[in-house]
Amino acid sequence: MTAKPRILVARAIFDDVIGKLAAHFEVDANQADDALAGPALAARLAGKWGAFTTGGERIDAALLAQCPTLKIVANMAVGYNNFDVAAMTAAGVLGANAPGVLTETTADFGFALLMATARRITESEHFLRAGQWQKWRYDLFAGQEVHGSTLGIIGMGRIGQGVARRGALGFGMRVIYHNRTRLDAATEAACQARYVSKQELLQTADHVVLVLPYTPEAHHTIGAAELALMKPSATLVNLARGGIVDDAALAQALQAGRIAAAGLDVFEGEPQVHPALLACRNVVLTPHIASATEPTRRAMAHLAADNLIAFHTQGRALTPVNPEALAPGR
Ligand code: DGY
């Protein structure tokens, strides 16, 4: 009997997913959820054929040079900015992500964050819990209108389209979007979304939602200059990745009342959060949980596992990000 390939599951994950993987692989499961990065990750990957990662483990040239047996890394995340894709391709290592299965759940959360931000839900709850609610007032926590307002989405992939549909069909919002490439007419019609420049979007949207993937070009897509273009009554939601917003510039804009409020699920350098953001009253902060429902996290984990299994049994991953890594003679 040939030995099973060895894999590392780099973070704690559902027991049944470990069981499914164990039918095909010799699994080194980090169910203790030890922090694995850099040298510790490289050491744990020694002799491994594959890795199951969750989006936080950096896979770059330095790590790959120490892991010559590695053939595939499967992320339990749609985002894969933890992969240096060029380095992986050069090393002949296939990367896979987990698209599709989290689209609607993440779009739901985007809308929840937009609503909480615009209607000052967490800020008012803190006020109430602190025993500060003495009487009704006409302007107590008066927020921004959501229904009938203009929703601007930057990054119009699957999740962006989900947010657009919720805004247009559920809340009667005018939807405008900006994206690297314009959508086809049928998709625009389904989302009731109109393509505009980034500048027009920032100047006219009442609520700006960021859902674009992180790339070096997307770094600080929203900084001081962009915040200065937004309406003072506007809100900003970052559902995408830390680093897409300049968090220090955002904190300054929030403190100065340059924009009304922000809702953030992702942060530069997370799980650290810029201290100036923590001091802002007009920001809703959540710990990267947009896809966090039990069924969705389970579906993401199974897709990552299925990518490893399909590559082992059929020589191809279901959702590869760099199929060129397998090109003959590469
Ligand atoms: C993703 O899938 O990219 C989400 O951010 C969850 O990590």
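User: Where does Thr117 lie?

Analyst: In helix α5. The model is predicted.

User: Why is Thr117 called buried?

Analyst: Its relative accessible area is 3%. Buried means under 20%. Thr117 is therefore buried.

User: What makes the approach of Thr117 to Leu113 a polar contact?

Analyst: The Thr117 side chain reaches the backbone oxygen of Leu113 at 2.6 Å. The cut-off is 3.5 Å. The distance is within that limit, so the pair counts.

User: How many aromatic pairs does a search of the whole structure find?

Analyst: The search finds 6. One of them joins Phe111 and Phe171.

User: Why is the pair of Phe111 and Phe171 called stacked?

Analyst: The centres are 4.8 Å apart, and a pair needs centres within 6.5 Å. The planes make an angle of 25°. Under 30 degrees counts as stacked, so the label follows.

User: Why does this pair tie together parts that are apart in sequence?

Analyst: Phe111 belongs to helix α5 (residues 103–118) and Phe171 to helix α7 (residues 158–171), so the joined parts are 60 residues apart in sequence.

User: How do you know whether Phe111 and Phe171 are buried or partly exposed?

Analyst: Compare each value with the 20% limit. Phe111 has a relative accessible area of 6%, so it is buried. Phe171 has 30%, which lies between 20% and 50%, so it is partly exposed.

User: What makes the pair of Tyr177 and Tyr195 edge-to-face?

Analyst: Its planes are 70° apart. Over 60 degrees counts as edge-to-face, so the name fits. The centres lie 5.2 Å apart.

User: Which strands hold these two tyrosines?

Analyst: Tyr177 is in β7 (residues 174–178) and Tyr195 is in β8 (residues 193–195). The two are 18 residues apart.

User: Why is Tyr177 called buried, and why is Tyr195 called partly exposed?

Analyst: Tyr177 has a relative accessible area of 0%, under 20%, so it is buried. Tyr195 has 26%, between 20% and 50%, so it is partly exposed.

User: How do you know that Arg298 lies over the face of Phe14?

Analyst: Arg298 is 4.2 Å from the ring centre. The distance limit is 6 Å. Arg298 is therefore within it.

User: Why does Leu140 count as partly exposed?

Analyst: Its relative accessibility is 33%. That lies between 20% and 50%, so the label holds. Leu140 sits in the loop between α6 (121–129) and β6 (150–154).

User: Which residues make the nonpolar surface patch that includes Leu140?

Analyst: Leu128, Trp133 and Leu140 make it, and it covers about 310 Å².

Notes. Residues are numbered from 1 along each chain as its sequence is written. This is a predicted model: local features need pLDDT of at least 70, side-chain atom pairs count only at pLDDT 80 or more; totals for chains, interfaces and linings use all residues. Side-chain values use heavy atoms; hydrogens and water are left out. Patches are made of residues with over 30% relative accessible area and no salt bridge: like charges are joined within 9 Å, nonpolar side chains (Val, Leu, Ile, Met, Phe, Trp, Tyr) within 5 Å. Accessible areas come from the Shrake-Rupley method with a 1.4 Å probe; for residues, only the protein chains shown count as cover. A salt bridge is a side-chain nitrogen of Lys or Arg within 4 Å of a carboxyl oxygen of Asp or Glu. Helices (H or I, at least four residues) and strands (E, at least two) are DSSP runs, numbered from the N terminus. Buried means under 20% relative accessible area, exposed over 50%, partly exposed in between (1.4 Å probe, protein chains only). A charge sits over a ring if NZ of Lys or CZ of Arg is within 6 Å of the ring centre and within 35 degrees of the ring normal. A polar contact is a pair of N or O atoms within 3.5 Å; within protein, one must be able to donate a hydrogen and the other to accept it, and residues adjacent in sequence count only if both atoms are side-chain atoms.
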